[in-house]
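Please consider the model shown below, with attention to its strands and to the backbone of its loops.

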Amino acid sequence: MIAGLVCMGTALPICSAESHWLRHVIHEGEQSMTAVAADFTGDALPDVISDSGGMTRLFVAPDWQEIILSEHPEFKWYIHSEFFDVDDDGDLDYIAARYNPGQVIWLEQPANGQTQRWNKHLIDDTIHGIHGLMKGDIGNDGQWELFATSAQPKEPYPESLVWFAVPENPRQAGRWKPHVFADRDAPGLTHYLGVGDINGDGLLDAATGAKGGPQAASQGEWFAWWESSLDPTCPWVKHSVSDKEPGATNIHPADINGDGVMDLVASRGHGTGVIWFEGPDWQVHDIDAAIQEPHCLVAIDMDSDGDVDAATCAFGSKEAAWYENNGEGQFSKHVVGREQEAYDIRAVDMDRDGDLDFLVAGRGSCNVVWYEHVQ
């Protein structure tokens, strides 16, 4: 089924002091919580999959032809998503999570992903309050595992963190086995996950933040990380980063100041501010103390100068921005776009010109857009 697009390929200049970005509308008219970009069609161009209005949609580059991959009319959207080749058949598949009641699914790309519906497979429906979904290679063997939060205080895994290994035959598997690495040890409505080797022991660790506030059944407002072990199926060891972080949501491991010690980049997506914690003692530094509700966050080298920068799109400030690191943990702010809200942001070379652009899923803005970095 191919549906018409409201606005295809519209480019609008951003009116700001730093007009190095062009805004392209992929889809508009419905709230979108998540969007990912990758070459799903095998033509070397990054396509986009997003979720809105009870449908999962593929937008095929370069003209963003819309294709309905799957429908779920019983709820409006999946809140988070990932992608990789789940069934090891040479093409990319799509993974998505519903918040509550929890459900994680994957959509199997068929032989012709542009004309056929993608087959839906259940990964899990026993974790609830899924507000974080991220792939990571736990075994350092080139095989992806999937991390997820179980933020709601619901059995069987209340206020916990889990990871899933892809089963031997994922097309036939009824469910994937959840490995609970933070067993009832992540209270206060956890949000996004970050993964990386935080303590330098060669093993993949994980971090998250919990927003707290009146919606939380127990105390939140913290950032923490969990130390893996040689047997990652055993419980991981929790380490507190900070317990005074109202609205804590995002956290990513990265060496910010180039001293060889892992730091953490974070945002208070239900509060105010983008920050970084300096390892190993987690001294906090402001990146942007004023930005309101920076609910999404990426930590990546935006300008190819060898250090890690940060970017967000804040639904409180209605602003997309990236923060240039000078290599020592001092950041300069660059405005990418205004009057744009977001629930999700990805840094991707959308036009294959060798630099990174931004893909934004706009909840309040009711759109999916990408910002082109113009040299």
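The following paragraphs treat one sheet and then several loop residues.

In this predicted model, four strands form an open sheet in the order β20-β21-β22-β23, with antiparallel pairing. Its edge strands are β20, residues 250-254, and β23, residues 283-292, each of which pairs on one side only. From one strand to the next, the twist averages 15 degrees.

Strand β20 is joined by five bridges to β21, residues 263-267, and the two run antiparallel. Within this pairing, Leu264 of β21 is the bridge partner of Pro253. Both faces of β20 are covered: Asn250, His252 and Ala254 are buried on one side, and Ile251 and Pro253 are buried on the other. Because five of the five residues of β20 are buried, this strand is largely enclosed by the rest of the structure.

At the other edge, six bridges join β22, residues 272-278, to β23 in an antiparallel arrangement. Here Trp276 has His285 of β23 as its bridge partner. The loop between β22 and β23 contains Pro280, and the peptide bond joining Gly279 and Pro280 is cis, with omega about 5 degrees. Another cis peptide bond leads from Asn100 to Pro101, with omega near 0 degrees; Pro101 lies in the loop between β9 and β10.

Two further loop residues deserve attention for their phi angles. Leu189, in the loop between β15 and β16, is not a glycine, yet its phi is positive, near 70 degrees. Leu189 counts as buried because its relative accessibility is 7%, under the 20% cut-off. Glu339, in the loop between β27 and β28, is likewise not a glycine and has a positive phi of about 55 degrees. With 64% relative accessibility, Glu339 counts as exposed.

Terms used:
Residues numbered from 1 in each chain as written. Predicted model: local features only at pLDDT ≥ 70, side-chain atom pairs only at ≥ 80, totals over all residues. Heavy atoms only, no water. Pairing = 2+ DSSP bridges. Axes fitted to C-alpha atoms, helices over the stretch in contact; angles between N-to-C directions. Buried < 20%, exposed > 50% of the residue type's maximum accessible area, 1.4 Å probe, protein only.
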